[in-house]
Amino acid sequence: MAAAERSPDGVHAVPPVAAHPLGLDFAAVRRELNLPRDYPTSALAEVEQTVAQPLPTGFRHDATDLPLVTVDPPGAKDLDQAVLLRRRGSGYRIHYAIADVAAFIPPGGALDLEARRRGQTLYLPDGNIPLHPTRLSEDAASLLPDQVRVAVLWTIDLDPDGSPERVDVRRALVRSVARLDYDGVQRSLAHGCAHPSIELLPEIGRLRREQALRRGAIELGLPEQQVESDGEGGWRLALRPRLVVEEWNAEISLLTGMCAAGIMLDAGVGVLRTVPEPDAATVDVLRRSANQLGVHWPVGLSAAEALAELDPARPEALAVHVAATRLLRGAGYTAFDSGAPAKSGHAGIGASYAHVTAPIRRLVDRYCAEICLAVTAGREIPEWVTEALGELPSAMGGSDRVAAQVERACIAQTQAWSLVSRVGEEFPATVLRVPNGVAGEVFVADPPIIARCTGGGLGEGQQVRVRLVTADPQRRDVEFQVA
């Protein structure tokens, strides 16, 4: 559940956030988690020096004739990916351009060291903390429309069923012809007037979604809490439904990551994003829990198939989805340089997977892209990449933990702010889980709150009325009690 949609307001030296008269900002979160603010002067100077150099065109494929487009949240400027979808006989060809951030970062330099320290962009409702300075992330490296940019260009040929048949990856010069957003693409597809470069997105997206189900990808349909401005200097929580066009667009990124994982596994060197397969006992416990809640789950049905059939809007189905988070425990990064690792899968995807499609916002993508480029070209992997392999799992794991802390803290803070004047009121709620039989976690739909609840007789999936007994913004604490 995301605290905030990917923010378009990234800055390399985050300016002071104007304080709300009631103190409704997230400065306390930044202080408590010791989040970075200004980029070192040496790193900023390095960016300016690198950006001032002419584009390195000599060894790049000129793909500026491809009518690539970007699809992102409205207003986004840190544009990692641009896509073009075409038919190829009875199959398809995907051109997927990824920002070539490595072209701007001298290995071992001040910017490289600071990016390694940060690990990834952190998103807060009142402004993000970028992995790279915005002179790079929102300007020189970003795939902004009508600008010639350096990119890592993936070309993936699919058969009629949507399975990859051929993969090519190379450095290129590209030019995006349009900056699109999810809402606009959704509307254009509904009215049959989609941009020609992505009019095949529904067709390919559906095929890839079918492939995911066959692979056994475990996908959770949980409500996505989002912190948004209330228009008056404060913040409110909203449930943001994921548009189907976002799911289709995500399939292109997932496909590329799976192809990258295949390249690295064949070469015996790389970094994978891994999630172990749940053991049979864990799946059996979840199946019994679902059946007790009245959600029929036949023994022969896999977890992926069972979850895909559930409508999380139903209270009992929502409880099953929450319980299913136990199927995806143990996420991490696996680095290897002497052959494929014994465990290389990602249970949430149902395949081996690597991060390569968001180098502006995530550190490891830059390294994985370099490995794929070198392997497919038959070149030696750069020394600066191989030297860092052993450090990447720890760096990414640490930044993932910080990102999760930021998300939880921002949501908890907003929950407390939104309810501070409503202590004593009653709300209809759905019981999500009851780990100890006497206290649990409930979901209140309006405003969309997930918080602990005490009282007897709580049962997962149950509809109850709860009374708000605590809403403390100082401690970011919200608690309900069975009414």
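Two strands are said to pair if DSSP finds at least two bridges between them, and the strands themselves (E, at least two residues), like the helices (H or I, at least four), are DSSP runs numbered from the N terminus. The structure is a predicted model, in which local features need pLDDT of at least 70 and side-chain atom pairs count only at pLDDT 80 or more, while totals for chains, interfaces and linings use all residues. Residues are numbered from 1 along each chain as its sequence is written, and side-chain values use heavy atoms, with hydrogens and water left out.

**Exercise 1. Trace the barrel from strand to strand, stating the sense of each pairing that you can establish.**

Step 1. Begin with β13 and β15, which pair in the parallel sense over three bridges; within this pairing, Cys 453 has Phe 480 in β15 as its bridge partner.

Step 2. Move on to β14 and β15, which run antiparallel and are joined by six bridges. Val 466 is bridged to Val 482 in β15, and Arg 467 stands opposite Gln 481 of β15.

Step 3. Continue to β11 and β14, an antiparallel pairing over five bridges, where Ala 429 has Val 464 of β14 as its bridge partner.

Step 4. Strand β11 (residues 426-433) also pairs with strand β12 (residues 439-444), in the antiparallel sense and over four bridges; here Thr 430 is partnered by Phe 443 in β12.

Step 5. The result is a closed barrel of five strands in the order β11-β12-β13-β15-β14, with mixed pairing. From one strand to the next the twist averages 50 degrees, angles being taken from 0 to 180 degrees between the N-to-C directions of axes fitted as lines to C-alpha atoms, for helices over the stretch in contact.

**Exercise 2. Determine which helices lie across the barrel strands, and at what angles they run.**

Step 1. Helix α10 (residues 315-323) lies across β11, β12 and β14 (463-472), and its direction makes about 45 degrees with β11.

Step 2. Helix α13 (residues 392-419) lies across β11, β13 (449-454), β14 and β15 (477-482), running at about 60 degrees to β15.

**Exercise 3. Describe the backbone of two loops that connect barrel strands.**

Step 1. In the loop between β12 and β13 one finds Pro 447, which is joined to Asp 446 by a cis peptide bond with omega of about -5 degrees.

Step 2. The hairpin of β14 and β15 has four residues between the strands, and Arg 476 there takes a positive phi near 55 degrees, a positive value in a residue other than glycine.

Step 3. Arg 476 counts as buried, because its relative accessibility is 17% and the cut-off for buried is under 20% relative accessible area (exposed is over 50%, partly exposed in between, with a 1.4 Å probe and protein chains only).

**Exercise 4. Characterise the aromatic pair of Phe 427 and Phe 480.**

Step 1. Rings of Phe, Tyr and Trp (its six-membered ring) pair if their centres lie within 6.5 Å, with planes under 30 degrees apart counted as stacked, over 60 as edge-to-face and the rest as tilted. By this rule the count comes to four aromatic pairs.

Step 2. Phe 427 and Phe 480 are 5.8 Å apart centre to centre with 80 degrees between the planes, an edge-to-face pair. Phe 427 belongs to strand β11 and Phe 480 to strand β15, so the pair ties together parts that are 53 residues apart in sequence.

Step 3. Both Phe 427 and Phe 480 are buried.

**Exercise 5. Place Trp 235 in its surroundings.**

Step 1. Trp 235 lies in strand β8 (residues 235-239) and, at 17% relative accessibility, counts as buried.

Step 2. With contact taken as heavy atoms within 4.5 Å, and neighbours within four places in sequence left aside, the residues that touch Trp 235 include Leu 24, Pro 125, Val 227 and Thr 414.

Step 3. Trp 235 also forms one aromatic cluster with Phe 26 and Trp 417.

**Exercise 6. Describe how α7 packs on α11.**

Step 1. Helix α7 (residues 244-267) and helix α11 (residues 363-377) pack at an angle of about 60 degrees, their axes being 10 Å apart. That makes α7 oblique to α11, since angles under 35 degrees count as roughly parallel, over 145 as roughly antiparallel, 65 to 115 as roughly perpendicular and the rest as oblique.

Step 2. At the interface, Ala 260, Ile 263, Met 264 and Ala 267 of α7 meet Cys 368, Ile 371, Cys 372, Val 375 and Thr 376 of α11.
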